[in-house]
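Open the model in your viewer and set it to cartoon. Keep the selection box at hand for this tour.

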Amino acid sequence: MTQTEIPSEEIEPKERVAHPFRTLRELVDFVSGKSIPSEVPTEGLRSEALPFPFLAIVGQKEMKLALLIGLINPSVGGILLVGPRGTAKTTAVRSLLDILPKVERSLCYYGCLPEDIEAGGIDAVCPDCAKKYAEGQPLSAPDRVRLNELPLNSRLEDVVGGIDERAAIHERIRVRRGILAQADRNLLYIDEINLLADDIVDAILDAAAQGSYTVRRGSISATYHSRFVLVGSMNPEEGRLRPQIMDRFGLRVIVRGLDDPTERLEAYRRVQAYQANPRGMSTAYFEDTQAAADEVQSARAQLARVTLPDNVANPAIKLVQRMGIDSLRTEISWFEAARAYTAADGRNQVTPEDLQAVASMTLRLRRSQFILDYFSNQEQEENEINTMITNLKRDN
Ligand SMILES: [Zn+2]
């Protein structure tokens, strides 16, 4: 699969005054090529909590685009970032903190929302929320999407929840909310996902796909909402990810190191500027970051109006079939990513160019050929090194 060119023409340009860009996509392109503004002070308050600005990450356009698409449309079904260490994967995910959109957050332990009642009737929410709804009380309040990171040492019980032992002492047995329930309506990030136990990854992917999950402990059971944007990252040199798991991510991005020496130097300068003064760096990108956050929010609102015409969808389905991909998830992710891309561009109808723009990230690694080749190449390299060492020893 070759890298897809991002089309440069616009169909319905939106009005912009303050910035030389018209859409979220252009903003990403624009800021990635921009140098650090000269007014960044070199001294000031240190703050570890301030993330590296998303828009200050040099290059890595596909990774940035995939993450933004995930924020705009969680239905793409998760984003997997594959690449060696030091390619800004974790930095990019954490830097999303400043551009995360606002959502309606449930006020209830089980994550009930008014839209559940609209979709599934009053039985779709817990009894407490049904009562509140009948009394006209709010079930949710606006809140920013949060970034939840799954600790690598998490046990299955931490992830799905378990018996609340403190409550059990008081003979009020209650199922404790797991990490998945806490991640509802948030962004769940799993670094080194390939090092996580299979049963845990399966539970996470099941919950992500269904948007809810049920925990049973003896006679008690509880169902929790788990509608989150899933981002996983992995270094394939540190262990493989089962192809079945790889296939369950909607978008897969291969993150490579920067090729261009000028870009590498610029990346170094920005990291240096950030380390010397995180607040200064954050301030320097504040305006652009705000603009990106606004774009994400308005793209999310626009998404519901974005349609995919049959004559655009049909050739895409034929292509998926020609590639020998069975999974129906492929075109779901592809179409949902294209809808997000269209929404980010301020339009209402998906064009073949929109499909093309997100094709690589949705179609690659579907047949897991890359990863098979990757590991066989690594093995070959390993063997060559071993032979060289053996020869060296023998020669001495
Ligand atoms: Zn409830």
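What percentage of the 396 residues in the chain is buried? Buried residues account for 37%. Keep in mind throughout that this is a predicted model.

**Whole chain**

Color by secondary structure. The chain has 18 helices and 11 strands. Now think about contacts with a sequence separation of 6 or more: 78% of them join residues 24 or more positions apart.

**The five-stranded sheet**

Select strands β4, β7, β10, β1 and β11. They form an open sheet, and the strands come in just that order, with parallel pairing. Look at the edges: β4 (147-149) and β11 (251-254) each pair on one side only. Then look at the twist. Leaving direction aside, neighbouring strands of this sheet are turned by 20 degrees against each other on average.

**Strand β10**

Select residues 229-234, which make up strand β10. Are its residues buried or exposed? The strand is mostly covered, with six of its six residues buried. Show the side chains. V229, V231 and S233 point one way, while L230, G232 and M234 point the other way. Both sets are buried.

Next, add β1, residues 79-82. It pairs with β10 in the parallel sense, over four bridges. Two residue pairs are worth picking out here. I79 has V231 as its bridge partner in β10. V82 has M234 as its bridge partner in that strand.

Now add β7, residues 187-191. β7 and β10 also pair in the parallel sense, over five bridges. Find L188: its bridge partner in β10 is L230.

**Two loops around β7**

Stay with β7 and step to the loop before it. R185 sits between α8 (179-182) and β7. Check its backbone: phi is positive, about 65 degrees, although R185 is not a glycine. Most residues other than glycine have a negative phi. Why does R185 count as buried? It has 20 other C-beta atoms within 10 Å, and 20 or more is the cut-off for buried.

Now go past the strand. E192 lies in the loop between β7 and α9 (198-210). E192 is not a glycine either, and its phi is positive at about 55 degrees. This residue counts as partly exposed, because it has 15 C-beta neighbours inside 10 Å.

**Helix α2 against the sheet**

Select residues 61-72 to bring up helix α2. Which strands does it lie across? They are β1, β10 and β11. Relative to β11, α2 runs at about 160 degrees.

**Helix α2 against α15**

Keep α2 on screen and add α15, residues 329-344. Two packed helices are described by the angle between their axes and the distance between the axes. For α2 and α15, the angle is about 90 degrees and the axes are 9 Å apart. The two helices are therefore roughly perpendicular to each other.

Show side chains at the contact. From α2, pick L68, I69 and I72. From α15, pick A337, A340, Y341, A343 and A344, which meet them. How do the residues of this contact divide into nonpolar, polar and charged? Eight are nonpolar, none is polar and none is charged.

**Helix α14 against α15**

Hide α2 and select α14, residues 310-322. The axes of α14 and α15 come within 10 Å and cross at roughly 140 degrees. These helices are therefore oblique to each other. Their crossing is right-handed.

On the α14 side, select A313, A316, I317 and V320. They meet T330, E331, W334 and F335 in α15. This contact has six nonpolar residues, one polar and one charged.

**Last stop: G324**

Select G324, in the loop between α14 and α15. Is G324 buried or exposed? It is exposed, because 8 other C-beta atoms lie within 10 Å, and 12 or fewer counts as exposed. Finish by drawing a distance from its C-alpha to that of R366. G324 and R366 are 42 residues apart in sequence, and 9.6 Å apart in space.

Methods: Residues numbered from 1 in each chain as written. Predicted model: local features only at pLDDT ≥ 70, side-chain atom pairs only at ≥ 80, totals over all residues. Axes fitted to C-alpha atoms, helices over the stretch in contact; angles between N-to-C directions. Parallel < 35°, antiparallel > 145°, perpendicular 65-115°, else oblique. Left-handed = near helix turned anticlockwise from the far one by under 90°. Contact = placed C-beta atoms within 7 Å. Nonpolar A, V, L, I, M, F, W, Y, C, P; charged D, E, K, R; others polar. Pairing = 2+ DSSP bridges.
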